[in-house]
Structure formats: structure tokens, C-alpha cells
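Biologist: I'd like to learn how to read a few features of this structure with you. Where should we start?

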Amino acid sequence: MKKRVAVIYGGRSGEHDVSLRSAKSIIEAMDPEKYKVLHYLISKEGKWSPRPIVPEPHGNPEIDVVFPALHGTFGEDGTLQGLLELADLPYVGAGVLASSVSMDKEVMKRLMKERGLPVVDYCVVPRCGAWTFAPDFPMFVKPANLGSSVGISKVGNQEQLTAAIELASSYDRKVIVERGIIGREFECSVLGNEDPIAAVPCEILPSRDFYDYEDKYVLETARTVLPADLTPEKTAELRRLAVECYKAVECEGMARVDFLLETATDRLYINEINTIPGFTSISMYPKMWEYSGLPMPKLVDRLIELALERHLAKQRLRYSK
Ligand SMILES: Nc1ncnc2c1ncn2[C@@H]1O[C@H](COP(=O)(O)OP(=O)(O)O)[C@@H](O)[C@H]1O
Ligand SMILES: [Mg+2]
């Protein structure tokens, strides 16, 4: 019997188009002997076609597992995951909690600090009036919840800072200001439920001032180096931190953990964790796995397996006395 996999893509986020490309790669990697793909497209306005997945337990017998291929708001942030929990459907990737705390760059940093994991100094606007770190330029201003570098600015002086805060505020009610790290940028794929494993990391070489939206998806001029050119010790440290970060947010399924390496101090910082990383033809999440011995079709098999395993484990729990 083929497994019926509902792939959900598109969505109401700024990453709608990226999602279409991720879904295409995921679907192409799914063995037609093993899977029957059910397409669920969500428009930019939020309209589902052919129809919404109904949040009613056992109300969707035609679906065995859901593969959310949505990035950002209303897809990667726990909201869709909540809908799928209500519908009692197994789904690929992080659960509600890990999705939402990973989406919020500020809450995520708090969880890292609690475990003693290295994150860049930051503050939340408006509390940035009383700087908790030396307000030295460059700094980065970000909406707390978003992705694909949307609303993010690198600022070099006070005037730019004010404008950047205004811009970020138009995307989120919570804005953070971070110390700018001068150095290199790395990414590491993680996979698993209870026993997550990290792939061989890669380096990102932005072609612009920083790794912004154009660089990621429009110009596609950023270069990547896989395997990352790091000492064996630094590589091991980075992979260990990737797994620690994953565990700290209680992630399951998959995530890509992104790092900054400060040149002056040789210190690694966890920048962010993405619970539905890109799966486009140029995306690094599947590339790192491929390099580590897990080609895309096997990766998709494993992600579906992990989704079913988690669902089964949850079904064994009691929800009332
Ligand atoms: N504190 C920082 N120091 C140096 N570069 C940064 C810093 N924060 C972000 N960047 C740059 O901005 C890019 C986007 O920021 P990031 O936090 O990853 O947001 P997004 O979720 O939109 O990808 C990063 O890939 C990096 O190039
Ligand atoms: Mg990023």
C-alpha cells in the first residue's frame, strides 16, 4: 500500500514562492512506488485548494502523513502544526512548541542562554535605550519573527539605526538589535527525534554586504562551500552546537542551524534555527545530507518515518484520567 502524503505549500508568508520551489523538489524526490502525493496549495491570501485540512480527529482518512513545505509565518511558526495536531495527523518536522520558539529569534536566544549555548549579544526595542552591550557599529536590526532576511538591516550609524528599527517594526511588533559579527557564516543540517544527528556543515559566502533576500533567492549569487573549510575541531564543535541547539528548542524531525564565526575571537555563535529549511534545488539542507551520505529520496523517506514514529509515540499517551 502506497502512503498518501499531503504536501502543503505556498502559504501566506513572504516566502510563498520559495515554498513552491521547495515543494517541487520534495515531490520530485518522493518514490512514486512508495508514495501517493496529495497536493495542497495555500494561496498568498490564505485560500486552500482543493480544500483545507479539516481539524477534526480521524476526519482525514485519505491522508497518512502531512509534509508541510511552507516557510515562515503561518507554516513554520507552529500555527499549521497546531492545526495538524487538532486533526490528529502525523506531520513532518518540528511540533508546535519547537516551531514557534524557533521562529521567534528572541525567545530562541533565551533558550540558548539557559543552556549556556553561545548567542550574539542583543536587546529588544524599546529596551535598547539601556544597552545591555556596548552599542558599537555595525549592528543588525531584525523583526523577531520572520525569515529570508526580510526586514533585516545592517546598520553603521545612529541615523541608520532609527530607520532600520522603523522598517523592522513594520514586520513585527517585536524588534531586536544585535551586535554585528565580523567573520564567517556556516550552516548545519540536523535530523532526528530523540537522537538527532548533524550533517557535515557548509559555509555561506554572501556576495553582498550580508546574506540578504536578493542573495538568497533572487540573484542567487551567494557561494557555498561544502564541506566547510574548518579545522576538524571547529567542525566537531559546530556539529555538537547544532545538536545542542536542536535539543534546547525540543526540535523533532529536522532543522537547519545557522552559525556566525567571529574572526577576531574564533568564537562560534548560534545565529538561528530554521525548522522548515529550504528544499529548493539550490538549498543547503538536503545538500548537506547528500554529502553526508543521505541523498534526497532517502532523506524524504527518513523524514516521513520520523513523523510516523512521533505520531505513534504520542498516540500511546493518555489525555485524560
Ligand atoms: N549579528 C549578526 N552579525 C553578522 N551578520 C548577521 C548577524 N545577524 C544576521 N546577520 C546576517 O544577516 C543574515 C540574515 O539574518 P538571520 O538572522 O539569519 O535572519 P533570517 O531568518 O531572515 O535568515 C544572516 O545570514 C547574516 O548574513
Ligand atoms: Mg538566516
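Modeller: With the domains, whose bounds come from an automatic or database domain assignment. Keep in mind that this is a predicted model. The protein splits into domain 1 (3-92), domain 2 (101-118 + 182-298) and domain 3 (122-179).

Biologist: How many Å apart are the C-alpha centres of domain 2 and domain 3?

Modeller: Their C-alpha centres sit 22 Å apart. Domain 2 puts twelve residues into the contact, and domain 3 puts in eleven residues. On the domain 2 side, α4 (105-114) and α6 (213-218) each give two or more residues. That side has five nonpolar, no polar and seven charged residues.

Biologist: And the ligand? Which residues come nearest to ligand 1?

Modeller: Of the 20 residues around ligand 1, those are Phe140, Glu178, Ile181, Phe210 and Tyr211. Two or more residues of the shell come from each of β6 (139-143), β8 (175-179), β13 (253-262) and β14 (267-274). Domain 2 and domain 3 each supply at least three residues to the shell. By class, you get nine nonpolar, five polar and six charged residues.

Biologist: Now a helix. Why are the buried residues of α2 on the same side?

Modeller: The general idea is that an α-helix has 3.6 residues a turn, so residues three or four places apart point the same way. In α2 (residues 79-86), Leu80, Gln81, Leu83 and Leu84 are buried. They share one side of α2 because they span an arc of only 155 degrees around the axis. Their cover includes β4 (65-68) and α3 (96-103).

Biologist: What phi does aspartate 88 take, just after α2?

Modeller: A positive one, of about 60 degrees.

How values were computed:
Residues are numbered from 1 along each chain as its sequence is written. Chains are lettered from A and ligands numbered from 1 in the order in which they are written. This is a predicted model: local features need pLDDT of at least 70, side-chain atom pairs count only at pLDDT 80 or more; totals for chains, interfaces and linings use all residues. A residue is near a molecule or strand if its C-beta atom, placed from the backbone, lies within 6 Å of it. Helices (H or I, at least four residues) and strands (E, at least two) are DSSP runs, numbered from the N terminus. Ala, Val, Leu, Ile, Met, Phe, Trp, Tyr, Cys and Pro count as nonpolar, Asp, Glu, Lys and Arg as charged, and the others, Gly among them, as polar. A residue is buried if 20 or more other C-beta atoms lie within 10 Å of its own, exposed if 12 or fewer, and partly exposed in between; C-beta atoms are placed from the backbone. The arc is that of the directions from the helix axis to the C-beta atoms. Two residues are in contact if their C-beta atoms, placed from the backbone, lie within 7 Å.
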